[in-house]
Amino acid sequence: MCGIVGYVGAKAPIPILVEGLKRLEYRGYDSSGVATMNGEGKVFVHKRAGRIRDLEHSMPGECPKANVGLAHTRWATHGEPNDANSHPHLSHDEKIAVVHNGIVENHSSLRTMLMGEGVAFRSDTDTEVIPHLIARFYEGDLETAVKRALHLIQGTYGIVAMHSEEPDKLVVARNGSPIVLGVGDSEMFVASDAPALVAHTKQVVYLEDGEIAVLSPEGFRTTDLSDRTIQKDVNELDWEIEEIERGDFEHFMLKEIHEQPLSIDRGLRGRAMSDFGDAKLGGLNLDRRAFFDIKRVCLIACGTSLHAAMAASYLIEELARIPCAVEIASELRYRNPIVDANTLYFAVSQSGETADTLAAMREVRRKGGIVLGVVNVVGSTIARESDGGMYIRSGPEIAVASTKAFTSQLLALTLFALKIGRMRDLSSTAGKQLIHALNELPDQITTVLDQSDSVKEIAHSILDASYVLFLGRGGNYATALEGALKLKEVSYIQCEGFAAAEMKHGPIALIGDGTPVIFLCPRDHLRDKTLSNMEEVKARKGRIIAVCNPGDERVMALADAYIEVPETHNLLTPFLTVIPLQLIAYHAALALGLDVDKPRNLAKSVTVE
Ligand code: F6R
């Protein structure tokens, strides 16, 4: 989704802003723009549809020198992606520039009102009402004018505004769209996401909904819309600059796939207790009594996080013997959910900012439910608003297509399942066996990654397919869904995932001569059932690609191609079977000449409904 960067201080703002925008490219966007002062007391704006490089290349040779600037990458919602609709937007007197993330829901009535007052609009966006409204209220103080304008706005926003008559000031506001301030040495930064700040400062302040901040080179001040002062804590970011750079990898997606041995290792460290076959999870904020009272677990998520949750639900039921439901956040939030005191809810989200997951979490909490977060981004809204939880510790995920977060989310929930299982019927022997197997995962993932070349060949063999089917059972049903999601989002090849046995209830109609069917078939208690499904595909001349364990001759005899993944604990197979599927998606997209890290129409962090 859209990205925001702002700067106030003694350095030239444009290079800082453009570099910040580049750090946010991963969020997905279709146009970009910057604004600063033009040196003659006016606002200078430059914006372009397309990539940030288009913005850079079209920039006038000599950019104005000023102490303040703001910038934006736009992911179109209202109005097509063209130059006029790009942000920043200006007030009609061209003295105020605004960038905005979110949606102004009452924009059409505000537009009608402003047009009735003689304001001429230059774009089709909902955002443009904001600078015009601020101008309407401006009487020499930007902060007051922004507050008065925001009283009229319904919807979600993260905004940054500047005024040509207050050249050392940015006014920032948040309601439903993340905003983080960066505190520098005689300079201040603002961004929608921390990666835009890491190169400059690690001292950050997370704005909450309803808060306004005024930034100047001397620092910042925060109030609410009614002018009450709010004291904010300054937090330390725990990301290193190398973590948000590609290093030697051609793409972030490939880098992040390859980081999984490390991220799994990090997720286990200090949490997996080998001696007791148990897990230590500090942040859950549940006392022993609360653990015993849990009668049901409910995992709420979207997209890849939903698939990780689905895979984890099998582990939770098996290890803890507690029923576990998995809910699509966007469905749950509007269903008037039945919330009970003995259900423990988890909001599972890499970014911690997904609008639907956040709204579902808030709805459950409003009804009295306890919601824990399973989140990657430290300090994100879900992490802050949940009743406790687990950070998945996968490190920053930059590629739009989520990869390492899947395995890290699954790991965090596996450790939760182990912990609660050990408080109930799971023996220490069974717990130790699981931890032993978990500890082996980093090396085993490396073994799978080492087969990248043969996986590449398989990926190239499906490039012309008009349809690809992914099938698995148990936890690998979730992996099949994830494999299909990954392939379609980066390669645009039509595909879907199904529970293997469901094939004959519909998708079998699509299988003909050479149709690629990717089976996840580890040597577990469901393997023989999956083998029957393979026979059914074979009988229809489908092309079987199997992910199986080494030496599984029955699978190999049926398969046209196969990828071996090491054997592991029956419940942990999705950690390994998902890796080749991530690689297939990556290599297919690359071979098709697509922009792997920034697939079309997609955004990293979906902060609108
Ligand atoms: C897929 C993908 C999305 C996200 C989904 C949820 O590769 O990245 O499906 O998984 O938008 O995002 P988070 O986990 O940030 O809540």
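## E40 and its loop

E40 lies in the loop that runs between strand β2 (31–37) and strand β3 (43–49). This model is predicted, so keep in mind that every value here is computed from a prediction. Is E40 buried or exposed? E40 has a relative accessible area of 66%, and because exposed means over 50%, E40 counts as exposed.

Now pick out E40 and Q260 together. Along the sequence, E40 and Q260 are 220 residues apart. In space, their C-alpha atoms are 52 Å apart.

## Three buried residues

Let's turn to G20, which is found in helix α1 (residues 13–23). Its relative accessible area is 0%, and because buried means under 20%, G20 is a buried residue. You can also look from G20 to S491: these two are 471 residues apart along the chain, and 28 Å separates their C-alpha atoms.

L558 belongs to helix α18 (residues 553–558). With a relative accessible area of 11%, L558 is buried. How far apart in space are L558 and M534, C-alpha to C-alpha? The distance is 7.1 Å, while in sequence L558 and M534 are 24 residues apart.

E211 is in strand β12 (residues 211–216). E211 is buried, and its relative accessible area is 8%. Follow the side chain of E211 and you will find that it reaches the backbone nitrogen of E208, at 2.9 Å.

## The ligand and its surroundings

Where does the ligand sit? You will find the ligand in the largest pocket. The elements that give two or more residues to the shell around the ligand are α9 and α16.

How many residues surround the ligand? There are 15, and the closest are S305, S349, S351, T354 and E489. Sorted by character, the residues of this shell divide into 5 nonpolar, 8 polar and 2 charged.

Some backbone atoms are worth finding here too. For T304, a backbone N or O atom lies 3.0 Å from an oxygen atom of the ligand. For Q350, a polar backbone atom is 2.7 Å from an oxygen atom of the ligand. For S402, a backbone N or O atom is 2.9 Å from an oxygen atom of the ligand. On its own, the ligand has 410 Å² of accessible area, and the protein covers 91% of that.

## Unusual backbone spots

Here is a handy rule before you look at the next residues. Most residues other than glycine have a negative phi, and most peptide bonds are trans. Three places in this model depart from that pattern, as you can check one by one.

Start with the peptide bond. H87 and P88 are joined by a cis peptide bond, with omega about 0 degrees. P88 is found in the loop between β4 (68–74) and β5 (89–90).

## Two residues with positive phi

What is the phi of R321? It is near 55 degrees, a positive value in a residue other than glycine. R321 is found in the loop between α9 (303–320) and β18 (324–328). The relative accessibility of R321 is 57%, so R321 counts as exposed.

Y492 also has a positive phi, near 65 degrees, and Y492 too is a residue other than glycine. Look for Y492 in the loop between α16 (475–491) and β23 (495–499). With a relative accessible area of 27%, Y492 is partly exposed, because this value falls between the 20% limit for buried and the 50% limit for exposed.

Technical notes:
Residues numbered from 1 in each chain as written. Predicted model: local features only at pLDDT ≥ 70, side-chain atom pairs only at ≥ 80, totals over all residues. Heavy atoms only, no water. Helix = DSSP H or I, 4+ residues; strand = E, 2+ residues; numbered from the N terminus. Buried < 20%, exposed > 50% of the residue type's maximum accessible area, 1.4 Å probe, protein only. Near = heavy atom within 4 Å. Polar contact = N/O pair within 3.5 Å; in protein donor to acceptor, adjacent residues only side chain to side chain. Areas by Shrake-Rupley, 256 points an atom, 1.4 Å probe, with all protein chains shown as cover. 1 Å grid on protein atoms, 1.4 Å probe; cavity = no way out; pocket = protein on both sides within 12 Å on 5 of 7 lines; lining within 4 Å. Sits in = over half its atoms within 2 Å of the grid points. Nonpolar A, V, L, I, M, F, W, Y, C, P; charged D, E, K, R; others polar.
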